[in-house]
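Some questions on domains, core, helices and backbone geometry follow, each with a worked answer. The structure comes first.

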Amino acid sequence: MMGRGRTGASQAALRGRNVERLLGIDIPPDESIARLHIGDPCFATPPHIVDAATAAMAEGYTHYPPSRGDPELRIAVAKHASLRAGRRIEATDVLITAGATEAIYCALTAVLDPGDEVILFDPSYSLYGAIVDQIGAVPVFVAMTPELRPDLDRLHRAVTDKTRLVVINNPVNPTGVVFTERELNAIAEIAVARDLLVLADEIYGELVFTQSFSTCLAMPELADRLLYVNGFSKTYAMTGWRLGYLIAPAELLPAAYVIHSNCASVVSWPAQRAGIAALQGRREPIDEMIAGYLARREDMLLGLAGTPGLTLTRPEGAFYLYVGFSFDTPIRSADLAKLLLAEGVAVRSGTEYGPSGEGHLRLSYSATFDDIRTGAQRLHRVFEHLSG
Ligand SMILES: Cc1ncc(COP(=O)(O)O)c(C=O)c1O
């Protein structure tokens with residue numbers, strides 16, 4: 001057998017490589033491209049949050065912080081989460097991480113072994129599958145209904161003796177669907193009946209345009225099996241700060257902490273001080289951003305209306321539009337995304353998010369109005385051409 005060679009990657013690195021995900025992240029910074037591919041808030045971090053970080057640096061928060069997170073931030077997160085949960089969450093249940101990404105990584109790596117099965121609704125955010133693959137565990141994709149809602153019958157059938165965990169991302173990246181309380185209760189019922197862990201990623205939980213949002217934190221039946229992930233990137237427009245957190249029961253958090261201390265070790269202290277200001281500060285900047293996303297959603301829907309071969313659904317949360325396409329001469333999602341990029345509009349192939357993504361694209365409307373309008377025009381032109 002051939003060795004991997006001095007520069008060869010490990011099996012774990014090879015397994016964890018989702019080519020479409022990496023391509024999607026690495027779109028060149030070319031100003032002529034309408035950038036509808038990335039999940040980065042199109043707003044600046046609110047000034048009171050920036051000021052808190054500047055003050056923290058001047059005050060000497062420039063050393064190693066406590067490894068589980070700044071104690072005041074852990075308290076602030078616990079308080080914020082308790083309010084949403086309607087039950088008491090302790091600061092000791094909170095681990096501060098380098099973005100929700102690291103929280104997801106620590107949580108999954110802490111509880112999964114090779115061969116364990118993990119239920120991922122299909123489509124779902126591509127990071128989960130990449131980490132599950134890297135661990136050597138097995139992603140089991142459970143297709144959503146044609147309306148992009150969780151398919152509970154399929155979920156029932158997908159659980160086996162090897163299933164260890166189900167991921168609930170609500171609101172959903174890439175579709176913008178918001179799960180109802182009834183859907184969440186039904187998933188929770190299966191998780192309890194089959195003794196599964198639940199990883200709930202609610203990073204878009206405040207970017208919701210429907211009347212209500214049900215958090216998994218408020219479901220008492222999940223409390224002892226819930227790995228709860230959230231962060232500051234989306235709500236507070238803080239993607240570059242790398243700040244997130246994991247809330248987990250006392251039996252699970254120590255294992256996640258081991259992974260955290262072995263990879264990130266600590267999280268930037270000024271960023272954590274800024275996180276306290278974000279949680280305790282004014283609500284208005286967030287409401288203004290939500291209004292801004294709503295306006296952009298409408299602009300994108302308007303710009304794409306009437307595009308031949310395109311199916312649109314109005315998203316209820318996050319800042320993505322998940323569109324279906326169909327032409328007489330079939331084209332693969334990944335090839336269509338490449339073609340669109342060549343025509344000056346960057347989008348993501350639906351297949352990055354699971355097998356059901358064939359025939360779909362994800363567009364982000366967290367973009368400038370200019371990019372949204374130009375992007376919609378360019379996409380319209382390409383679709384018109386493909387429709388003959
Ligand atoms: C569903 C979901 N979870 C987690 C993340 C990662 O967020 P963070 O910037 O906090 O690492 C993203 C980023 O796009 C996301 O869409």
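## Domains, core and local geometry

Q: How many residues of domain 1 are in contact with how many residues of domain 2?
A: In this predicted model, the domain assignment gives domain 1 as 11–45 + 284–386 and domain 2 as 53–280. Their centres, taken over C-alpha atoms, are separated by 24 Å. Across the boundary, the residues in contact number 33 in domain 1 and 35 in domain 2.

Q: Which element gives the most residues to the side of domain 1 that touches domain 2?
A: On that side of domain 1, the elements giving two or more residues are helix H1 (11–15), H11 and strand S10 (320–325). The residues of this side divide into 17 nonpolar, ten polar and six charged. With five residues, the element that gives the most is H11.

Q: Where does the largest nonpolar core lie with respect to domain 1 and domain 2?
A: The largest nonpolar core has 117 residues, and Ala-107, Val-198, Leu-227, Val-229 and Leu-246 touch the most other members. Helix H5 (residues 99–111) gives the most to this core, with eight residues. Since domain 1 (11–45 + 284–386) and domain 2 (53–280) both give residues to the core, it lies between them.

Q: Which residues is Leu-246 in contact with, leaving aside its neighbours within four places in sequence?
A: Leu-246 is one of the core residues that touch the most other members. Leaving aside neighbours within four places in sequence, its contacts are Leu-95, Thr-97, Ala-103, Cys-106, Ala-107, Leu-227, Tyr-228, Val-229 and Ala-256.

Q: What arc do the buried residues of H13 cover around the axis?
A: Helix H13 (residues 369–386) has 18 residues and reaches 26 Å from its first C-alpha to its last, close to the 26 Å expected at 1.5 Å a residue. Its buried residues are Asp-371, Ile-372, Gly-375, Ala-376 and Leu-379. They are on the same side of H13, because the arc they cover around the axis is only 125 degrees.

Q: Which residues are exposed on the other side of H13?
A: The buried residues of H13 are covered by elements that include strand S1 (34–35), helix H11 (284–304), helix H12 (333–342) and strand S11 (345–346). On the other side of H13, the exposed residues are Asp-370, Glu-384 and His-385.

Q: How far apart are the end C-alpha atoms of helix H4?
A: The buried residues of H4 are Leu-73, Arg-74, Ala-76, Val-77, Ala-78, Ala-81 and Ala-85. What covers them includes strand S2 (94–97), strand S8 (244–247) and helix H10 (269–280). The 15 residues of H4 (residues 71–85) should span 21 Å at 1.5 Å a residue, and this agrees with the separation of the end C-alpha atoms, 20 Å.

Q: What phi does Gly-86 take just after H4?
A: Gly-388, just after H13, takes a positive phi of about 75 degrees. Just after H4, Gly-86 also has a positive phi. For Gly-86 the value is about 70 degrees.

Q: What is omega for the peptide bond that joins Asp-122 and Pro-123?
A: Pro-123 lies in the loop between strand S3 (117–122) and helix H6 (126–135). Both Asp-122 and Pro-123 are in contact with Ser-356, a residue of the loop between strand S12 (348–349) and strand S13 (360–364). The bond joining Asp-122 and Pro-123 is cis, and its omega is about 10 degrees.

Q: What distance separates the C-alpha atoms of Val-208 and Phe-319?
A: Val-208 lies in the loop between strand S6 (197–201) and strand S7 (226–231). Not counting residues up to four places away in sequence, Val-208 touches Pro-171, Val-178, Phe-213, Glu-316 and Gly-317. Val-208 and Phe-319 are 111 residues apart along the chain, and their C-alpha atoms are separated by 9.2 Å.

Q: Is Ser-265 buried or exposed?
A: Ser-265 is in the loop between helix H9 (253–263) and H10. Its phi is positive, about 70 degrees, although Ser-265 is not a glycine. A residue with 12 or fewer other C-beta atoms within 10 Å is exposed. Ser-265 has 10 such neighbours, so it counts as exposed.

Methods. Residues are numbered from 1 along each chain as its sequence is written. This is a predicted model: local features need pLDDT of at least 70, side-chain atom pairs count only at pLDDT 80 or more; totals for chains, interfaces and linings use all residues. A nonpolar core is a set of buried Ala, Val, Leu, Ile, Met, Phe, Trp, Tyr and Cys residues joined through C-beta atoms within 7 Å. A residue is buried if 20 or more other C-beta atoms lie within 10 Å of its own, exposed if 12 or fewer, and partly exposed in between; C-beta atoms are placed from the backbone. Helices (H or I, at least four residues) and strands (E, at least two) are DSSP runs, numbered from the N terminus. Domain bounds come from an automatic or database domain assignment. Two residues are in contact if their C-beta atoms, placed from the backbone, lie within 7 Å. The expected span of a helix is 1.5 Å times one less than its number of residues. The arc is that of the directions from the helix axis to the C-beta atoms. Ala, Val, Leu, Ile, Met, Phe, Trp, Tyr, Cys and Pro count as nonpolar, Asp, Glu, Lys and Arg as charged, and the others, Gly among them, as polar.
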